[in-house]
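The following exercises concern a structure to be examined alongside its sequence. Each task is followed by a solution in steps.

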Amino acid sequence: MGSVDESLVSYLLGRSGITSLVEARVSQATVPERESLPYIWVNRGASETLDDLSANPSDTTAFYESFDVECVSGDLAKAQLLAAEVKSLHKNRGEFGAGEVQALIVSDHSDHYRPKNIGDDDGRHVASVEIEIIGYTE
Amino acid sequence: MAAKSVALGTLVRIDFDGGTTYTTVGRIKGAQPPNQTGTEADGKELNDTLDVPIPGIESPSEFTFTQYWYPGDTEGAKVDDAFDARRDDAGSGGGVLGVQLAYPHDGTDSSDTMPTETFDVRLLAVAKAPADDPNSVFIRDVTCRRITAITAGTYTVP
């Protein structure tokens, strides 16, 4: 049994438009120090359950899961091209890694978001997007 | 002083045939148990110095619950059928539903005895939440008119 994190990585690596740019360079959670460019970094953000009156804890799983996704490149145009590929996942649904989703909602990240994959003078360009995964089940 | 108790574990159990074979009705987001309000009648007499109404019969009240639901849901269709039958006589497939609300406050284990409120209703309204966003979840409020007194009892969780 996998997890929604692993399924997201698997799903991204199953998209030819993405792998043609990053090959297998999709990192999860830990910011890579010496990864070749370009790459994608994903990290789980907020999650929300849809609560009901049931007292059965197993009935309660996260229904909305949001992920920070950073498209990192040494070239601004390539970072934006990668972000466009990720944004093309908007409103996809169905098979998703080891499970299924009811909907993927992809949007530009908030102006207040501070990318984790960029330093002061490392010459990287980062395009940040947010993926909301809705109704993930395995 | 009464203990503080939460609503988690409250069961909304309904017999759609108006009997006493109650079953849960899917995922219930929340419920508004029926209120109890008495009417009052004019009780003034000529030599009275204070206008004190006479307690009358109980006013009608509503019972509402909010359930997760989706079009095509077999369990959810029972509510739609009950709405269509709301003017029919009691009986199998009729317009009268038996409701039992089982509260968790007697305990928290599966073998606990839960205090209940039992009454009959007719369906009054089914209000579906708007699907105004791609990520909207199908939810609806089901409003019932209580047509019998509330009877207190217990339900032992099997």
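The exercises below treat a predicted model, beginning with confidence and ending with backbone geometry.

**Exercise 1. Confidence**

Task: State what the scores report for the model and for chains A and B.

Solution.
- Step 1. For the model as a whole, ipTM is 0.81 and pTM is 0.86.
- Step 2. Chain A has an average pLDDT of 90, with 95% of the residues scoring at least 70. In chain B the mean pLDDT is 92, and 95% of its residues reach 70 or more.
- Step 3. Within chain A, the element with the lowest mean pLDDT, 92, is strand β1 (residues 26-28), and the element with the highest, 96, is strand β4 (residues 94-96).
- Step 4. A general caution applies: predicted coordinates should not be read in detail where pLDDT is low.

**Exercise 2. The overall form of chain B**

Task: Describe the secondary structure of chain B, and compare its radius of gyration with that of a compact globule of 158 residues.

Solution.
- Step 1. Chain B contains one helix and ten strands. Their order along the sequence is β-β-β-β-β-β-α-β-β-β-β.
- Step 2. The radius of gyration of chain B is 19 Å, whereas a compact globule of 158 residues would have a value near 15 Å.
- Step 3. The C-alpha trace of chain B spans about 65 × 40 × 35 Å along its principal axes.
- Step 4. Buried residues make up 20% of the 158 residues of chain B.
- Step 5. Among contacts in chain B with a separation of 6 or more, 64% are between residues 24 or more positions apart.

**Exercise 3. Two residues of chain B**

Task: Determine whether V25(B) is buried or exposed, and do likewise for S5(B).

Solution.
- Step 1. V25(B) is located in the loop between β2 (23-24) and β3 of chain B, while S5(B) belongs to the segment before β1 (11-15) of chain B.
- Step 2. The cut-off for a buried residue is 20 or more other C-beta atoms within 10 Å. V25(B) has 21 C-beta neighbours inside 10 Å and therefore counts as buried.
- Step 3. A residue is exposed if that count is 12 or fewer. S5(B) has 12 other C-beta atoms within 10 Å, so S5(B) is exposed.
- Step 4. Beyond its neighbours within four places in sequence, V25(B) is in contact with V12(B), I14(B), Q67(B) and E75(B). The C-alpha atoms of V25(B) and K78(B) are separated by 9.1 Å, and these residues are 53 residues apart along the chain.
- Step 5. For S5(B) and H105(B), 100 residues apart along the chain, the separation of the C-alpha atoms is 6.4 Å.

**Exercise 4. The contact between the chains**

Task: Characterise the side of chain B that touches chain A by residue class.

Solution.
- Step 1. The contact involves 13 residues of chain B and ten residues of chain A.
- Step 2. Strand β3 (residues 28-32) of chain B supplies the largest share of the chain B side, with three residues.
- Step 3. That side of chain B has seven nonpolar, four polar and two charged residues.

**Exercise 5. Helix and strands in chain A**

Task: Explain why the buried residues of α1(A) lie on the same side, then identify how β3(A) is paired with β2 and β7 of chain A.

Solution.
- Step 1. In helix α1 (residues 4-13) of chain A, the buried residues are V4(A), S7(A), L8(A), Y11(A) and L12(A).
- Step 2. These residues lie on the same side of α1(A) because they cover an arc of only 135° around the axis.
- Step 3. As a general point, an α-helix has 3.6 residues a turn, so residues three or four places apart point the same way.
- Step 4. Strand β2 (residues 39-49) and strand β3 (residues 62-73) of chain A run antiparallel and are joined by nine bridges. V42(A) has V69(A) as its bridge partner in β3(A).
- Step 5. Ten bridges connect β3(A) with strand β7 (residues 125-134) of chain A, and these strands also run antiparallel. Opposite E65(A) stands I133(A), in β7(A).

**Exercise 6. Backbone geometry in chain A**

Task: Give the omega of the peptide bond from L37(A) to P38(A), and the phi values of E23(A) and A29(A).

Solution.
- Step 1. The general expectation is that most residues other than glycine have a negative phi and most peptide bonds are trans.
- Step 2. The bond from L37(A) to P38(A) is cis, with omega near -5°. P38(A) lies in the loop between β1 and β2 of chain A.
- Step 3. E23(A), in the loop between α2 (16-22) and β1 of chain A, has a positive phi near 55°. With 12 C-beta neighbours inside 10 Å, E23(A) counts as exposed.
- Step 4. A29(A), in the loop between β1 and β2 of chain A, has a positive phi near 70°. A29(A) also counts as exposed, with 10 C-beta neighbours inside 10 Å.

Technical notes: Residues numbered from 1 in each chain as written. Chains lettered and ligands numbered in written order. Predicted model: local features only at pLDDT ≥ 70, side-chain atom pairs only at ≥ 80, totals over all residues. Contact = placed C-beta atoms within 7 Å. Helix = DSSP H or I, 4+ residues; strand = E, 2+ residues; numbered from the N terminus. Nonpolar A, V, L, I, M, F, W, Y, C, P; charged D, E, K, R; others polar. pLDDT = per-residue confidence, 0-100. Rg over C-alpha atoms; globule rule 2.2 N^0.38 Å. Arc of directions from axis to C-beta. Pairing = 2+ DSSP bridges.
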